[in-house]
Amino acid sequence: MGRNNLTWVSEFVLLGLSGDRQTQAGLFVLFGATYLLTLLGNGLILVLVRLDSRLQLPMYFFLGNLSVVDICYTSSGVPQMLAHFLLEKKTISSARCGTQHFFSLALGGTEFLLLAAMAYDRYVAVCNPLRYAAVMGPRLCAGLAAVSWLVGLANAAVETAVTVRLPTCGRHVLNHVACETLALVRLACVDVTLNQAVILASSVVVLLVPCCLVALSYARIVAAVLQIRSSAGRRKAFGTCASHLTVVSMSYGMALVTYMQPRATASAEQDKVVVLFYAVVTPMLNPLIYSLRNKEIKAALTRVLTRSSESTW
């Protein structure tokens, strides 16, 4: 195909989940309620970590970062999706599409890396409790968080740069709910070998490597816990990791199945499910999992509410 025939479109049309108006109205209510719960849940965790001095610990420092990621991640795509449920013309400009693509990749990658940092924190807490405060000092925690954010942003910049430059030869209908990598690559009318290589490399950097680090941390945690003789001690040790392990299983599980599989087996409908899971479901469930299974979070909420009621009187 000649260079002169390669065209870039100025806007894309998103097919979304359904063309039926009643179904779209129902989805608007469902996802709108989920989005509000996400903002409230993660916002509450941020407030508690900020206001309660007993939560000024490495674990809650990372949890606060995770809440920021979840709020920004869900806000990068869900408001637009909600608007499209109400609009007849579901379009997005190429500039907005590229911006959305960048932030969703950056925040998704940052979350995976933060979960790996949290796994290391749990490893130190369980396997080296006497030196926990010395090892997990403010400098190391800030460094791990900074690396997570910087690697996530750098990875997103590279992947976005090679994706948005793809010509579509006039094709502008995305069979998706958002500007997602695989959906954009499917529209390309040129060879996408470079894009496939970048997607694979990206998956290794922000998904496979952090997943291996998490697995290594928990392998050593399990080995250490099994050496504890009392059943109460083992339950307490596992209890400190239960919330994080639940979130890790949800986040890494579906991502590994999706992005590490052969491209020939990937489907547009599967991609939609994955994006909805990470943009809608996971950000809502994370604060629920950490708050419902964490006594310190619940105690901090009680203390903050008590102080608030006392100051009111």
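These legends accompany close-up views of a predicted model.

**View 1. The second largest pocket sits among helices H3, H5 and H7.** Helix H3 (94-127), helix H5 (138-164) and helix H7 (193-226) each supply at least two residues of its lining. The space in this pocket comes to about 280 Å³. Its lining holds 16 residues. Nearest the centre lie Ala116, Ala117, Tyr120, Leu213 and Ser217. H7 gives the largest share of the lining, eight residues. By class, 13 of the lining residues are nonpolar, two are polar and one is charged.

**View 2. Helix H5 has the span its residue count calls for.** At 1.5 Å a residue, the 27 residues of H5 should cover 39 Å. The C-alpha atoms at its ends are 38 Å apart, which agrees. Buried residues of H5 are Cys141, Ala145, Ser148, Gly152, Asn155, Ala156, Glu159, Thr160, Val162 and Thr163. These buried residues pack against helix H2 (58-86), H3, helix H6 (181-187) and H7.

**View 3. The second largest cavity is lined by 12 residues of mixed class, six nonpolar, five polar and one charged.** Rolling a probe the size of a water molecule over the atoms shows where empty space is left. For the whole structure, the search finds three cavities of 30 Å³ or more. The second largest cavity has a volume of about 90 Å³. Its lining includes Leu14, Leu15, Gly16, Leu17 and Ser18. Gln24, Met81, His84, Phe85 and Lys90 also line this cavity, as do His176 and Val177. H2 supplies the largest share of the lining, three residues.

**View 4. Threonine 168 is buried in the loop between H5 and strand E3 (173-174).** Its relative accessible area is 6%, so threonine 168 falls under the 20% limit for buried residues. The side chain of threonine 168 reaches the backbone oxygen of arginine 171. The distance for this pair is 2.8 Å.

**View 5. Aspartate 20 is partly exposed in a loop.** The loop runs between strand E1 (11-14) and helix H1 (21-51). With a relative accessible area of 38%, aspartate 20 counts as partly exposed, because that class lies between 20% and 50%. Aspartate 20 and alanine 224 are 204 residues apart along the chain. Their C-alpha atoms are separated by 55 Å.

**View 6. Valine 124 is a buried residue of helix H3.** Its relative accessibility is 2%. Which residues does valine 124 contact, leaving aside its neighbours within four places in sequence? They are Pro129, Tyr132, Val135 and Met136. Arginine 220 is 96 residues from valine 124 along the chain. The C-alpha atoms of valine 124 and arginine 220 are separated by 9.9 Å.

**View 7. Glycine 108 of helix H3 is shown with glycine 152 of H5.** Glycine 108 has a relative accessibility of 13% and counts as buried. Gly152 is buried too. In sequence, glycine 108 and glycine 152 are 44 residues apart. In space, the distance between them is 7.5 Å, C-alpha to C-alpha. H3 is one of the elements against which the buried residues of H5 pack.

Key. Residues are numbered from 1 along each chain as its sequence is written. This is a predicted model: local features need pLDDT of at least 70, side-chain atom pairs count only at pLDDT 80 or more; totals for chains, interfaces and linings use all residues. Side-chain values use heavy atoms; hydrogens and water are left out. On a 1 Å grid over the protein atoms alone, a cavity is a set of points where a 1.4 Å probe fits but cannot get out, and a pocket is an open set with protein on both sides within 12 Å along at least five of seven lines; lining residues have an atom within 4 Å of a point. Grid points are joined across faces, edges and corners, and a volume is the space filled by probe spheres set on the points. Helices (H or I, at least four residues) and strands (E, at least two) are DSSP runs, numbered from the N terminus. Ala, Val, Leu, Ile, Met, Phe, Trp, Tyr, Cys and Pro count as nonpolar, Asp, Glu, Lys and Arg as charged, and the others, Gly among them, as polar. The expected span of a helix is 1.5 Å times one less than its number of residues. Buried means under 20% relative accessible area, exposed over 50%, partly exposed in between (1.4 Å probe, protein chains only). Contact means heavy atoms within 4.5 Å. A polar contact is a pair of N or O atoms within 3.5 Å; within protein, one must be able to donate a hydrogen and the other to accept it, and residues adjacent in sequence count only if both atoms are side-chain atoms.
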